[in-house]
Amino acid sequence: LSDVSVIAAIVVGVISIPAAIVNKKFAKKLFECRLHLTPESRLLGYLQAITSHKSFAADIRLFDLSDEFGRRYKGCSHKIIQEEKKVFRKGVAAKSATGIVPQCFVCFALLALVHSISEGHMTVGDYSLYSGLLSTLIASISQFINAVIGIYEDRLKILKIEEFKARPNTIADTGNLELSGIRDIEFRD
């Protein structure tokens, strides 16, 4: 592509920057949303575990708890879906807006190639070559951005784990009592 136009090659790289920025912001907002919804997600998992395990089936039928579990499950899942839907709507709108720019550039570049062919500066084979190169380049840049955003999402998770690990231990790890056997475990306060 840079053999034909160095400017076109640079523009392809530059027009991908807004998409990368939008994807990064969307990934962060989605991570924060899911972090905020952690209690609901855990409750949902707990309800799924209880209602699907056969050891609880008799209690659920005996005490007629299916409606209660169903109500709680629907309420919890509805809250999660609504919160994530808000983030996804904003993200899709922003991603669509930044995704149109590269496609407009591709259309413009293809029209410029057609114009070059009509003036006799290029052949139809050149059109095939450069249109393929352009679409491959745009797809590769998109895959690269998605890979970087995936790494960024993992980094956000790792930072939360490191933040948790950095919390000071408030329980003294000292003592010299040897345990010969645990009879029971009791938690107070």
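This briefing describes the fold, overall dimensions, surface and one helix of a single chain. The model is predicted, and its chain contains six helices and zero strands, so named in the order α-α-α-α-α-α when read from the N terminus. The radius of gyration of the chain is 28 Å, whereas a compact globule of 189 residues would have one near 16 Å.

**Overall dimensions and contacts**
- Along the principal axes of the chain, the C-alpha trace spans about 90 × 50 × 25 Å.
- When contacts in the chain between residues at least 6 apart in sequence are considered, 75% of them join residues that are at least 24 apart.

**Burial, surface and charge**
- Of the 189 residues of the chain, 22% count as buried, and the chain exposes about 14,600 Å², of which carbon and sulfur atoms supply 61%.
- The chain carries 24 positive and 20 negative charges, and the mean positions of these two sets lie 5 Å apart.

**Helix α6**
- Helix α6 covers residues 124–165, and because a helix is expected to rise 1.5 Å a residue, its 42 residues should span 62 Å, which agrees with the 61 Å that separates its end C-alpha atoms.
- The buried residues of α6 include the isoleucines Ile138, Ile141, Ile145 and Ile149, together with Leu134 and Leu156, and also Tyr130, Ser131 and Tyr152.
- These buried residues of α6 pack against three other helices, namely α1 (6–14), α2 (17–36) and α5 (66–118).

Note on methods
Residues numbered from 1 in each chain as written. Predicted model: local features only at pLDDT ≥ 70, side-chain atom pairs only at ≥ 80, totals over all residues. Heavy atoms only, no water. Helix = DSSP H or I, 4+ residues; strand = E, 2+ residues; numbered from the N terminus. Rg over C-alpha atoms; globule rule 2.2 N^0.38 Å. Buried < 20%, exposed > 50% of the residue type's maximum accessible area, 1.4 Å probe, protein only. Contact = heavy atoms within 4.5 Å. Areas by Shrake-Rupley, 256 points an atom, 1.4 Å probe, with all protein chains shown as cover. Lys, Arg positive; Asp, Glu negative; His and termini not counted. Charge placed at Lys NZ, Arg CZ, Asp CG, Glu CD. Expected span 1.5 Å × (residues − 1).
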